[in-house]
Amino acid sequence: MHLDRKERSLLGFSAILLGFLFVLLIKAQGVAGSQATQQETAIPSLIKTEQENQQLSVENDKIEQELIKYAQGQSASSLLNEQVKEAMMNAGLIELTGPGVQITLDDSTRVATGEENLNNFVIHEQYIQEILNALWNGGAEAIAVNGQRVMTYTEVFCGGSFIQINGTRQMPPYVIGAIGDSYNLSAALNFYGWDRLGEYQEQYGITRKLEVLDEVKTPAGRLRDYHYAEPIKEGT
């Protein structure tokens, strides 16, 4: 099957867009993982190997399916639309739904007495950061916190009495939803210190709850406005 000039241009544009959005996705997971120490970011070898094998299988299936579509005469513009939609999913720009886990964290209702440290009775940003790292390393395909999609530039830091996420002030309870294999997600959480939060729950009364759900929804994220960064031109 021969493609005309317009169809070749569309395919070329789609390849560039897919590559750009794929880099954004890799950065999102890389930034999240870099916030933990080397010991904390180690994944159980079985989970990691399974994820790599699954990814290779998925990529192989995609290539085979596209070759079949070309052979059957599907138009380049139709394939372009499918590829752009998939790229937008990978970049977090589409609302998603699927099975996964939901985590709820909340401050304690107890009142500190005597010499007890008040900081032990509240949820801190590092708790959320560690959970996000664990979920990504456990194979999460999409994550949201209090309705805020976790993207490449999502920040999680303390702003006094609140935690800022995607430029918004979030107050407890903090509800984290992640789409993915619930077994792998739960295993990753346990490996990354879920029990430690359980100790805080017993000692200070914070809320730490994990639910396995058949349907978890993550909202679409928003594109970032670029004022200073720009693509590097070829040949420069």
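# A tour from helix α4 outward

Start with helix α4. It lies across β4 and β5, and runs at about 165 degrees to β4. To find the helix, select residues 125-137. Keep in mind that this is a predicted model.

**Stop 1: the sheet under α4**

Now select the strands beneath your starting point. β4, β5 and β6 make an open sheet of three strands, in the order β4-β5-β6, with antiparallel pairing. Look for the edges at β4 (156-158) and β6 (168-170), each of which pairs on one side only. Neighbouring strands here are turned by 35 degrees against each other on average, direction ignored.

Zoom in on β4 and strand β5, residues 163-165. Three bridges pair these two in the antiparallel sense. Pick Val156 and look across: Ile165 in β5 stands opposite.

**Stop 2: α4 against α6**

Go back to α4 and add helix α6, residues 194-204. The two helices pack at an angle of about 150 degrees, and their axes are 11 Å apart. Angles over 145 degrees count as roughly antiparallel, so α4 is roughly antiparallel to α6. Their crossing is left-handed.

Show the side chains at this contact. From α4, select Tyr127, Glu130 and Ile131. From α6, select Trp194, Arg196, Leu197 and Tyr200. How do the residues of the contact of α4 with α6 divide? Five are nonpolar, none is polar and two are charged.

**Stop 3: α4 against α5**

Hide α6 and bring up α5, residues 182-191. α4 and α5 pack at an angle of about 135 degrees, with axes 8 Å apart. Are they roughly antiparallel or oblique to each other? That angle is not over 145 degrees, so α4 and α5 are oblique to each other. α4 passes α5 in a right-handed crossing.

Select Ile131, Ala134 and Leu135 in α4. They meet Leu185, Ala188 and Leu189 in α5. The residues of this contact of α4 with α5 divide into six nonpolar, no polar and no charged. Ile131 is worth a second click: it is listed in the contact with α5 and in the contact with α6.

**Stop 4: the five-stranded sheet**

Next, show β3, β2, β7, β1 and β8. These five strands form an open sheet in the order β3-β2-β7-β1-β8, with antiparallel pairing. Find the edges at β3 (148-149) and β8 (207-218). Each has a single partner strand, so one side of each is left without a neighbour in the sheet.

Keep α5 on screen. This helix packs on the sheet and touches β1, β7 (174-179) and β8. Its direction makes about 25 degrees with that of β1.

**Stop 5: along β1**

Select strand β1, residues 96-106. On one pairing, ten bridges join β1 to β8, and the two run antiparallel. On another, six bridges join β1 to β7, also antiparallel.

Which residues stand opposite Gln102? Glu211 does so in β8, and Gly177 in β7. Then move to Asp106, which stands opposite Thr207 in β8.

**Stop 6: β2 and its neighbours**

Select strand β2, residues 142-145. Both of its faces are covered. Ala142 and Ala144 lie on one side, Ile143 and Val145 on the other, and all are buried.

Four bridges join β2 to β7, and these strands run antiparallel. Click Val145: its bridge partner in β7 is Ile176. Now turn to β3, which pairs with β2 in the antiparallel sense over two bridges. The bridge partner of Ala144 in β3 is Arg149.

β2 and β3 form a hairpin, with two residues between them. Stop at Asn146 in the turn, where phi is positive, at about 50 degrees.

**Last stop: the whole chain**

Zoom out and show everything. The chain has six helices and eight strands. From the N terminus on, the elements run α-α-α-β-α-β-β-β-β-β-β-α-α-β. Of its 236 residues, 32% count as buried. Look at the contacts in the chain with a separation of 6 or more: residues 24 or more positions apart account for 77% of these.

Methods:
Residues numbered from 1 in each chain as written. Predicted model: local features only at pLDDT ≥ 70, side-chain atom pairs only at ≥ 80, totals over all residues. Heavy atoms only, no water. Pairing = 2+ DSSP bridges. Contact = heavy atoms within 4.5 Å. Axes fitted to C-alpha atoms, helices over the stretch in contact; angles between N-to-C directions. Parallel < 35°, antiparallel > 145°, perpendicular 65-115°, else oblique. Left-handed = near helix turned anticlockwise from the far one by under 90°. Nonpolar A, V, L, I, M, F, W, Y, C, P; charged D, E, K, R; others polar. Buried < 20%, exposed > 50% of the residue type's maximum accessible area, 1.4 Å probe, protein only.
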